[in-house]
Amino acid sequence: MEDLSSVVSLLTMSSNLEHAAMSLRKILEERELDETETAALKWAGEFLRVVDWGTAVPDAQDVDGHVAVQATSIRPTFYACLFRIGPEFKEAGFTKESEVTSFLGKLYHNLEQPGAPGRGRPKLKATEADLGYQLLHGMAEALLVQVDSNGSPRPYTTDEWDQTPNEFAIASV
Amino acid sequence: MSSPSPVFDEIAWRDTELRREVRRCATGLSKLAKTIQLTEDFITPTPRKLAALISETSALIAEAVERRIPTAELAAVNSFLSNAALHLRFVERARVAQTPWSLVQPAEELLKLAAGQGTHFIIRPTWSYNYSIRGDFWAQYKRYLESRKWFSLDLVRQRADISDTEKVYCVSFPRIERANALLHALWGHEVGHILVARWVRDTFDTEWKKAELEIKKKFEASVRKSPPPAGELFKERAIQDEIAKLTNATRVVAQQGITELLCDHVGGHLFGPAALAATLEFAARFSLDAPPESSSQNYPPWRYRIRQIVLSCDADLADHAEIGYPPPKLKPFVEWLREAKRIADSKSDETLIRNNPVTNQAYDFITTHWTSAATSVIGMLPPELSKPYRLSERYARVVSLIERIEQRLPPNTVDGYPGSPASLQDILCAGWAYKALQIHGNPAWGT
């Protein structure tokens, strides 16, 4: 039964991440965010903080069990998407991993509190917002691919195919 | 932003195209589902219920596409519709001609009793050689759609005439086994999935969170010894990625493993030796020791599963001379089932599990949580089913059903005419015992 449940989780996470990605664009264009977009940004910031082992979560023990499992399942996708935009990081002038870590911390903070940068956490610059957009949008698409194989035929041996998004298997004998 | 160019706005292009396509597909799916709902013949109302749910949900999505669905959600909505379209095949394959119609109603009654009233089952054949359960469709549709501000679940409730206490599942069985009622004892395992899903939701996540840190530490030590190649920007994160993959693989194996084993436990509890017999016959086709990995969809080895079911019905495999168990008509069946104990005695499956760090840690997790999980899942059954089925306690009834089969009478009643209706569990046990009795006399029987 994991198939349906995990499909729904992936669709929901993908939608939220895509909302957050598009909202980052709106912030950069200084357009107003609606309630859904603000909520999506906040969710993305809090969730990515749990997912990214490179930015320590101060109260990891407070994370809900369900969120912890979602984070475990999505973490490989997060790293894959991050590595995929490595060339863009270099193009933007990043040379050390500590700079990436610092940028990601700043990104999560901006997502959690859109339009209200705190002390030492200034607003994202245009190139940073672009990197943030690419990361979030890339993750949103990667999660959808796990549901729909990006339109390509699934390997099958019968008239049925068994979904295995995120390596979840169907419930059978 | 780097993605859209000033001369061609790719996001706008996609929005236009996808919006039109989603609307067209949602409308088409709604009509198709409605046609199937109204024109096909089914044994129970459940297939029509799912068709109505798909039809009304798609129609409401079609109505919302033009103005209300945000661009950011269109691709996911398209995927949602593609999945809902796949669910129509469950409806279509549940037509009267496709199903073991004489078994569907009693089976649905037992499944409902185990899973709770308000639960509906579609029972349908599948071409793949597999038993499976999918659902609850309504709960999952709600889960996705309830946070979509542009969608009204209330309208679906009204139009599809479905309440929040209802659940809709589909149980599949191999098409070539349509008439082989004995193998359908595996439905006990499938209904177990409904209960085990509750345990996973309520308990697994919390227990996993507690265990994950230690699991991660163990992998970290080995990954740091030979870190993966990486450039300057992602040296540490490449290590984290490797650990994350191993940790997630462990979670998948642990979750899949404990789920399947708990479902076997429920099957053994509900159907006793019939469940063991069906599992043995099913497993004989495959490798008994194939370890839990992605090629086997992370399922536990068959030998491991057989061992767990043997534990569930151990009492029925023993001799109880003081009560004359097993009687002569059951002896070949019990003897045949004892082969399961000999299969379980070998530990070749466990050796393979322990040789792989991922499966080793996953099965440590399973072992740690097994007793409390099994108790908790059995505790979810209604009082009528809280006691395990014991052939050794019901053998007189089962023998009387075997005698009816020998007389070519349906094994559906006990205590003579008109008697009282036999339980599905007794019927299946009698069927298996009769089969074993015949094979004992003639090994080629039934082939």
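Let's start with His269(B), which sits in helix H8 of chain B. Keep in mind as we go that this is a predicted model. Is His269(B) buried or exposed? With a relative accessible area of 7%, His269(B) is buried, because the cut-off for that word is under 20%.

So what does this histidine touch? If we set aside residues up to four places away in sequence, the partners of His269(B) are Ile378(B), Leu381(B), Leu385(B), Ser386(B), Lys387(B), Pro388(B) and Tyr389(B). One of these deserves a second look: the side chain of His269(B) reaches the backbone oxygen of Leu385(B), at 2.7 Å.

Now stay on helix H8 of chain B, and move to Gln240(B), which is placed there too. Gln240(B) counts as buried, at 9% relative accessibility. Which residues is Gln240(B) in contact with, leaving aside its neighbours within four places in sequence? They are Asp52(A), Trp53(A), Gly54(A) and Tyr79(A), so please have chain A on your screens as well. For Gly54(A) there is a distance to quote: its backbone nitrogen lies 3.4 Å from a polar atom of the Gln240(B) side chain.

You may remember Pro388(B) from the list of residues that His269(B) touches. How far is Pro388(B) from Gln240(B)? The two are 148 residues apart along the chain, and their C-alpha atoms are separated by 46 Å.

Let me zoom out to chain B as a whole. Chain B has 16 helices and 5 strands. Its C-alpha trace spans about 85 × 65 × 40 Å along the principal axes. Of its 447 residues, 55% count as buried. And if you take the contacts in chain B with a separation of 6 or more, 79% of them come from residues 24 or more positions apart.

Next, the empty spaces. Rolling a probe the size of a water molecule over the atoms shows where empty space is left. How many cavities of 30 Å³ or more does the structure hold? There are 6. The largest cavity has about 70 Å³ of space in it. It is lined by 12 residues, and those closest to its centre are Leu186(B), His189(B), Asp264(B), Thr279(B) and Ile309(B).

Helix H8 comes back here. Helix H8 (235-271), helix H9 (273-283) and helix H10 (302-312) of chain B each supply at least two residues of that lining. By character, the lining residues divide into 6 nonpolar, 4 polar and 2 charged.

While we are at helix H10 of chain B, have a look at Leu311(B), which lies in it. Leu311(B) counts as exposed, at 58% relative accessibility. Between Leu311(B) and Ala344(B) there are 9.8 Å in space, C-alpha to C-alpha, and the two are 33 residues apart in sequence.

A word on cysteines. A disulfide is a covalent bond between the sulfur atoms of two cysteines. How many disulfides does a search of the whole structure find? The count is 0 over all chains. Take Cys313(B) as an example: why is it not bonded to Cys429(B)? Cys429(B) holds the closest cysteine sulfur, but that sulfur is 9.0 Å away, so the two are too far apart for a bond. Both residues are out of reach of the surface in the accessibility count: Cys313(B) is buried at 0%, and Cys429(B) is buried at 0% as well.

Last, some backbone details. A cis peptide bond joins Tyr325(B) and Pro326(B), with omega about 0°. Pro326(B) lies in the loop between helix H11 (314-317) and helix H12 (331-345) of chain B. The peptide bond from Gly135(B) to Asp136(B) is also cis, with omega near -10°. You'll find Asp136(B) in the loop between strand E2 (132-135) and helix H5 (137-145) of chain B.

Then we have positive phi values. Arg408(B) is not a glycine, yet its phi is positive, about 60°. Arg408(B) lies in the loop between helix H15 (391-406) and strand E4 (413-414) of chain B, and at 76% relative accessibility it counts as exposed. On chain A, Ser149(A) has a positive phi near 55°. Ser149(A) is placed in the segment after helix H6 (126-148) of chain A, and it counts as partly exposed, at 22% relative accessibility.

That's my tour, thanks for listening!

Notes:
Residues numbered from 1 in each chain as written. Chains lettered and ligands numbered in written order. Predicted model: local features only at pLDDT ≥ 70, side-chain atom pairs only at ≥ 80, totals over all residues. Heavy atoms only, no water. 1 Å grid on protein atoms, 1.4 Å probe; cavity = no way out; pocket = protein on both sides within 12 Å on 5 of 7 lines; lining within 4 Å. Points joined across faces, edges and corners; volume = space filled by probe spheres on them. Helix = DSSP H or I, 4+ residues; strand = E, 2+ residues; numbered from the N terminus. Nonpolar A, V, L, I, M, F, W, Y, C, P; charged D, E, K, R; others polar. Disulfide = S-S within 2.5 Å. Buried < 20%, exposed > 50% of the residue type's maximum accessible area, 1.4 Å probe, protein only. Polar contact = N/O pair within 3.5 Å; in protein donor to acceptor, adjacent residues only side chain to side chain. Contact = heavy atoms within 4.5 Å.
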